[in-house]
Structure formats: C-alpha cells, structure tokens
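Trainee: Got a minute to go through this one with me? I'd like to start with the ligand site and then look at a few strands.

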Amino acid sequence: MYNLYDFSLEKLEKLLMEKYGQKKYRATQLFIWIYEKRVRDFDLMSDISASFREVLKRDFVLELPEIETKQVSLDGTIKLLLKMKDGVKVETVLMRYDYGNSVCVSSQVGCNMGCSFCASGLLLKNRDLTPSELIGQLLVMESLMEGEKISHVVVMGSGEPFDNYENVMDFIRIVNHHKGFNIGARHITVSTCGIPHKIVKFANEGLQVNLAISLHAPNDELRSKLMKINKVYPLKVLMAAVKDYERITNRRVTYEYIMLKGVNDTNEHAKQLANLIKGTLNFVNLIPYNSVDEHGYKRSERVVVREFADSLKKLGVNVTIRKEFGPDIDAACGQLRAKKEGAL
Ligand code: SAH
C-alpha cells in the first residue's frame, strides 16, 4: 500500500506512468484533488475513470496522523501531539502572527544531534518522518482551523531536517507546488543545527526557501559545549558553507541564537558574534529560552536580551527578538512529547 501523501508530483508521475501505465497528467489531477480540493475519498474524484479509481482504492491510502493530545493557548496557539501509524508521536504547533498562520512541523521522531539545552534530544532519534507524516501534520492542523489557511511553514520542530534530507525535500516540494499545498517558497523556512555539506546541497536545489542556522554561540569552545555537532563541524567549516550558500543563492541565512542566562549573553559574546558573521548577509534572531528543567539552563532576563540586541545593532548586525507563543502550554520544542513519554 502506498500513502498518496508520500509523493512529490514528479515521483507520482513516475510511479503512475511506469507501474500503472497512466498518462502524466493523472498525477496532476490527483494532486489537485488531494491538495487543492483537500479531498480524501477516491470515489469523489470525478474526472478519474471508475476503473482507475478501483486501482487507487486497492493500492493507495490517504492516511493522516491521529490527534493524541491538543492544547490550545489563550493567544490562539495550538499544539498537537500526533500519533503515527506505528504509534510514534510527534509535535506540531500553529502560531498566529499578524502576517499569517505559521505551522511548525517536526522532521524526526526524537533527535540525535544532542544539543545540551533542547528537550527533543532527551529522547534519541527513533526514526525519520516520511513525507506523508510531514504533510499530515499540516493537513491535521488545518482541519482544526475553522476554514482558515496555513500561510507559512517552518521546519523547526523536533528533529534535524538535514538528517532526513530527502523526505524533507519531497515535503517542501509538495508544500511549495502550485498544484500542491501551494505555499510560496519565501513562506517556508528550514532550520538546521548546521551540517555544512547539506547546506551546500540545499543551496543547489534551486528553491527560494529560507534557511535558518542554529548558531547559539559565537566561539568553538562554547558552541561545542552546547551543541555536539560543533565538534564534528566547527564554526570555520560551518561559516564557509554559509558563504557558499550565499554565493549560490544570493540569499541571506537567519542565525538563530538562544539566550541562555550567564552562558552566551554577555556583551563580549555579542562582539564575538558580530565578528563571526561579519562579511555574511547577516540576520540574527534572538530566541528567548524555554526552560527544560533537566538541562539546568535558565533564560536570560528580558533586559539582557534587549541589551544584547542593542549591542549587535551598534555593531551593524540586523537583529530581531523572537516573539513567544503559548506561554500557558508546553511550548518548548519536544516538551510535550518528552512529558508524555516520561522523560520529563
Ligand atoms: N534541528 C534543527 C531544527 C529543530 S530545533 C535546528 O537545530 O535548528 C529549532 C530551533 O529551536 C533551534 O534553533 C533550536 O536550537 C531551538 N530550541 C531548541 N530547544 C529550545 C528551547 N528549549 N527553547 C528555545 N529554543 C529552543
């Protein structure tokens, strides 16, 4: 059995032509039914012949994740814990900005990157998510939005998207395709802990999708303490990949920087950070830390975050402070799942 939500248009065309002897446009017709019209019943697909509908019913399903838990915040944020067919659970969050509805999807079940401040890594990677499980997160969330549409997608939930590269790319192609989910590339963002060769590969995909890089520290000593990945790919290698990315795409990356009290939030760190990213088309997003009790880090005081931002500005860095959502629900990455699985 195939799940129809697993296929990019190209891959569906190939399968339907090669295995089923169908014309190429059959794939586009199906895309229109399942994404543009959001139809999940093969019998309703009126421009597909009755005989091929029978084949579809025999070999294909249109399966979505189940809702295990739903939390709704006073600010309209929705956080879902979704259960996949084999029972694994992942989190998906809807954030309502004034510019639109942004959904944060998870790319893996758990994570192996081992960042010392993050709840997702409390449970090691169980497995990668498939394209249908990524798309499923959007479709299930949208079914709760009372007719409102998702306008932005961020691959910033649990997991490392570049450790599940092919599935995440198929997902992005479906989300971006005008006959698919039809969200503009500039409204899609992928966040990585910084895997240099994948950053360059991503740059060469020819997509206008935004890239965010979790930097979190301005020098190797500190970054290696916070993020295991830095021991494999130190800042020099990472920054070289960022420069390649800029050269290939002509686009800037966003540097994400979690503000951890007394760890990476001093004026000296701001100077080092400005220095590190000097010469790239810089844009820094400062992230208020959601405390994960097990890890012992505390969030920087609000005024410290503001001072840090001001120092960066004075040093010529473009900087914003990330808006927070759902303070009354388990907002931090991986917290809801970790709690449910007994790791928190
Ligand atoms: N693996 C990818 C994407 C998932 S994490 C990455 O590393 O970018 C998405 C972002 O949330 C990263 O910048 C991550 O460092 C940050 N993050 C993780 N735990 C957090 C927490 N408790 N509070 C705030 N941000 C957190």
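Mentor: Sure, terms before anything else: helices (H or I, at least four residues) and strands (E, at least two) are DSSP runs, numbered from the N terminus. Keep in mind that this is a predicted model, where local features need pLDDT of at least 70 and side-chain atom pairs count only at pLDDT 80 or more, while totals for chains, interfaces and linings use all residues. Residues are numbered from 1 along each chain as its sequence is written, and side-chain values use heavy atoms, with hydrogens and water left out.

Trainee: OK. Which strands each supply at least two residues of the shell around the ligand?

Mentor: Strand S10 (188-192), strand S12 (254-259) and strand S13 (284-288).

Trainee: And how many residues surround the ligand?

Mentor: There are 21, and the closest are Glu160, Ser191, Ser214, His216 and Asn290. A residue is near a molecule or strand if one of its heavy atoms lies within 4 Å of it. By type, the shell has 12 nonpolar, seven polar and two charged residues. In that split, Ala, Val, Leu, Ile, Met, Phe, Trp, Tyr, Cys and Pro count as nonpolar, Asp, Glu, Lys and Arg as charged, and the others, Gly among them, as polar.

Trainee: What lies 3.0 Å from a nitrogen atom of the ligand?

Mentor: A backbone N or O atom of Gly159. On the oxygen side, a side-chain N or O atom of His216 is 2.6 Å from a ligand oxygen, and one of Glu256 is 3.3 Å from a ligand oxygen. The ligand taken alone exposes 530 Å², and the protein buries 95% of that. Those areas come from the Shrake-Rupley method with a 1.4 Å probe; for residues, only the protein chains shown count as cover.

Trainee: Back to S10. Why is it largely enclosed by the rest of the structure?

Mentor: Because five of its five residues are buried, meaning under 20% relative accessible area (exposed is over 50%, partly exposed in between; 1.4 Å probe, protein chains only). Ile188, Val190 and Thr192 cover one side, with Thr189 and Ser191 on the other.

Trainee: What does S10 pair with?

Mentor: Strand S9 (residues 152-155), in the parallel sense over three bridges. Two strands pair if DSSP finds at least two bridges between them. Val153 has Ile188 in S10 as its bridge partner.

Trainee: Switching to Thr92: buried or exposed?

Mentor: Buried, at 0% relative accessibility. Thr92 sits in strand S5 (residues 89-97), and its side chain makes a polar contact with the side chain of Gln137 at 2.8 Å. A polar contact is a pair of N or O atoms within 3.5 Å; within protein, one must be able to donate a hydrogen and the other to accept it, and residues adjacent in sequence count only if both atoms are side-chain atoms.

Trainee: Which strands pair with S5?

Mentor: Strand S4 (residues 78-83) pairs with S5 in the antiparallel sense over six bridges. Strand S6 (residues 100-104) pairs with S5 in the antiparallel sense too, over five bridges, and a hairpin of two residues joins S5 to S6. In the S4 and S5 hairpin, which has five residues between the strands, Gly87 takes a positive phi near 95 degrees.

Trainee: Last one: where is Lys225?

Mentor: In helix H7 (residues 220-226). Lys225 is exposed, with a relative accessible area of 58%.
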